Amino acid sequence: MVDEKLPPIQYQVIHGTEYARVPSRRRGKRVDWWWLSSAANTVVAVSYLAISVAIIVPLARSGQVRRNRLGTATAAIFFTCSVGHGLHAVHPLLPFLGLDVLEGHASREGISWHDALWEMTTAGVGVYYWTLRRAYASMLAGPAIFEDLIERQRLAELEAEAELNAVRRQGAAELELSEKRFRLAFEHAPIGIALLSLDPGEAGKVLRANSAFYALLGRTPSDVEPGSVLDFIVPEDRSAARHRLAQMLRGEVTEYTASRRFLHAGGDIVWTSMTSAVVADDRGVPLYLVAQFEDITGRREAEQLLTRQAMHDGLTGLPNRVLLMDRISHALSRTQDRSTHVAVFFVDVDGFKAVNDTLGHAAGDLLLIEVGRRLRSMGRGDDTVARLAGDEFVVLCEDVQDRAAAEATARRLLDGLERPYEIDRDVFRTSASIGIALSGRDSTAADLLQNADIAMYRAKEAGRGRYVFYDRNLRAIRDNRLRTEKELRQGIENGELRVLFQPVIGLADGSLASVEALVRWDHPDRGLLAPAEFLDVAETTGLIVPLGRWMIPEACRQVAAWQRKDPGRAPQHVSVNVSAVELSSPGMVNVVARALREAGLPPGALCVEITESALLDSNSSNISTVWQLRAMGIRIALDDFGTGYSSLTNLKRFPVDVVKIDRSFVAGLGTDAEDTAIVGAVVGLAHALGLATTAEGVETAAQRDHLRRLGCTHAQGYLYSRPATISGLTGLAARLTAMESAEPLH
């Protein structure tokens, strides 16, 4: 009968073959194990005991047969004693197959049952055909293979041991090859590598290093290995390096990368990128430290150069705006708990453009370098001198006690900058305009710099060569200028500009000799604005260029139309004002030539009025433009003569046709001896040079008469007419005779 209480089949792989251990119970609880394996389509039974035989019967495929886990064929397993008695089935598969009590007969011809059984139990391998007969079923047959497992297992163990030894020999060879590769990589690595001790008593000691590491330090192994790597780090970096090493000793950090500066044997500083990692044993106990050192000195110097270029002015080497703002911010933070101030001095060099245009940009650069040097020499050791742009410098001072201390510093700066300069063997003087801003409780870096800038512009407007402190009224002025700039830009684009004309009268006969074109701005909210309201903003912002390029063609066009409409009484000449900025702008000569051509006026019909300072401040390019205009036949008038700082002899240097006497001198004519003397001198000099003279601001008949006696050739002012449109001047020529003895117009 089937013993259904047998333990389950167990499987094991021996020498590449899967075996099933089939248990059987005999003599109480004793268990004998049978080893089964699959061989092709046959299941192999192996007897483990000499007195027992396992017979394997592969069953033919039929509807009653199912595959089992022992191989590709289905098998039944039987046990018998050595003499062939007590045949019975013990495999749990038999009840499933319907096999109950089976009998086995040897089918080999000529061999008895006992002979066959004996041959089975003694043969190493035997193949037999057995038949199984069941009382009510058909016969099934198949081959059976028997093999001695003990010998095979012994051979398998020997083969396995041989293979293990081969694996061990191969592993040893591979380990030796790996170590050889490591030694080669270690010795010939392009970066420095060192093994450092993690022993608490000698942490950081160089246990071993490659040649690149010694070359990085410029030292030999005997110089390095007796000591610690810390000995060769610059003193300022040792504390951080020692702290990291202690963390690695305690196991808090296993690897890190940091920049370290090392002392080269030649005395240079070597910047390195140092990467360190802890090497531990299988239990995690730290053994030593592997450190790699990459020389980044060149990269670091390049980074420092880029940083310096980003934070310093390329010409003077002074801090630029970025660095200045950072230092102002830090200065303000340090001053919060003090009773002192941070003072910002915004310095602008007066007349710098004249140097640039007269002596060239190279000379201008030398001047800026010298200005920066003087500002540094006049400051205190912790002051910052910065260059913002062009001829604009800033001096930052901390711990300034009060306004009086700031004034003393400003006077010292002005005096130092007014000393003579020698540039390319040319000696000249210049001055500076300084705006001063003192910090308050809530000041920011941007506020201080902007306030000092506002004060500097006020110093320039007040006459240059001076300093001005910022106050809130100045901010209102600055805000108004910014608003004016924005609205003027829009006004030019929107066609809000207008041209008015003021007559210029010939004093000899009282006739209308010419008209001066004057620009007005028809502001949408503020009405018609005089030039004093916006021209200064236009010049400082560069808007004077598009304004002038509208003004010149428009004045020529209107006067030409006036001449065609009233040829007998219309003026034959028109004058327009041109600023220094316009003169230096590209294409100025072409703009004037095109305006005359499109209007149909001859060049002699136009007079270009240029201020005295425009020529004296910018001798080079501006004088060249004036000469080109003069060569075209255009007349040149020197406007506001006498208000500048030039000598009268400068008239000989310029291609001038007309000298215009400033209204400030005409106002005192006949009542102020100095004004009268100045007007007389200007008229006399002009006559001697063959130049015409025009007196501006004539408001009374007495002034007119005095000018006639001095020999002045022309006059303009409210005595004759306010600026007006062409339609407003219609009939002026007819009224001039009656106006000779009239009271001044108001």
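Start with strands S11 (residues 192-197) and S15 (residues 286-295): they pair in the antiparallel sense over six bridges. This is a predicted model, so keep that in mind as you click around. For a landmark in this pairing, pick Leu-196 and look across to its bridge partner in S15, Leu-289.

Now add strand S14 (residues 269-280) to your selection. S14 also pairs with S15 in the antiparallel sense, here over nine bridges. Ala-277 is a handy place to stop, as it stands opposite Val-290 in S15. Follow the chain round the hairpin of S14 and S15, where five residues sit between the strands, and you come to Gly-284, with a positive phi near 85 degrees.

Next, jump to Arg-387 in strand S17 (residues 384-389). Is this arginine buried or exposed? Arg-387 counts as buried, because its relative accessible area is 12% and the cut-off for buried is under 20%. Show its side chain and look for two polar partners. One is the side chain of Asp-313, in a polar contact at 3.1 Å; another is the backbone oxygen of Gly-390, 3.0 Å from a polar atom of the Arg-387 side chain. Widen the selection to its contacts beyond four places in sequence and you'll pick up, among them, Leu-315, Pro-319, Arg-321, Leu-368 and Phe-393.

Move along to Asp-399, in strand S18. What is phi here? Phi of Asp-399 is near 55 degrees, a positive value in a residue other than glycine. That's worth a pause, since most residues other than glycine have a negative phi. Asp-399 is partly exposed, at 31% relative accessible area.

A little further on is helix H11 (residues 403-418). Check the helix start: a side-chain oxygen of Asp-402 reaches to within 3.3 Å of the backbone nitrogen of Ala-404. Then try a distance check. At 1.5 Å a residue, the 16 residues of H11 should span 22 Å, and the end C-alpha atoms are 23 Å apart, so the two agree.

Now colour the buried residues of H11: Ala-406, Thr-409, Ala-410, Leu-413, Leu-414, Gly-416 and Leu-417. These cover an arc of only 165 degrees around the axis, so they lie on the same side of H11. What do they pack against? Their neighbours include strand S16 (341-350), helix H10 (361-378), strand S18 (392-400) and strand S21 (431-438).

Go on to Ala-452 in helix H12 (residues 445-461). Ala-452 is buried, with a relative accessible area of 0%. Leaving out residues up to four places away in sequence, it touches Val-344, Phe-346, Gly-435, Ile-436 and Ala-437. Select Val-468 too: it is 16 residues from Ala-452 along the chain, and their C-alpha atoms are separated by 8.8 Å.

For the last stop, look at the largest nonpolar core. Of its 73 residues, Phe-501, Leu-606 and Leu-707 touch the most other members. Which helix gives the most to this core? Helix H15 (residues 544-565) does, with 10 residues. Zoom in on Leu-707, and beyond four places in sequence you'll find it touching Leu-507, Leu-669, Val-679, Ala-695, Val-698, Cys-712 and Ala-715. Then swing back to a second, separate core of 30 residues, which includes Leu-414, Ile-423, Phe-428 and Phe-469. You've met Leu-414 already, among the buried residues of H11.

Key
Residues are numbered from 1 along each chain as its sequence is written. This is a predicted model: local features need pLDDT of at least 70, side-chain atom pairs count only at pLDDT 80 or more; totals for chains, interfaces and linings use all residues. Side-chain values use heavy atoms; hydrogens and water are left out. Helices (H or I, at least four residues) and strands (E, at least two) are DSSP runs, numbered from the N terminus. The expected span of a helix is 1.5 Å times one less than its number of residues. Buried means under 20% relative accessible area, exposed over 50%, partly exposed in between (1.4 Å probe, protein chains only). The arc is that of the directions from the helix axis to the C-beta atoms. Contact means heavy atoms within 4.5 Å. A polar contact is a pair of N or O atoms within 3.5 Å; within protein, one must be able to donate a hydrogen and the other to accept it, and residues adjacent in sequence count only if both atoms are side-chain atoms. Two strands pair if DSSP finds at least two bridges between them. A nonpolar core is a set of buried Ala, Val, Leu, Ile, Met, Phe, Trp, Tyr and Cys residues joined through side-chain atoms within 4.5 Å.
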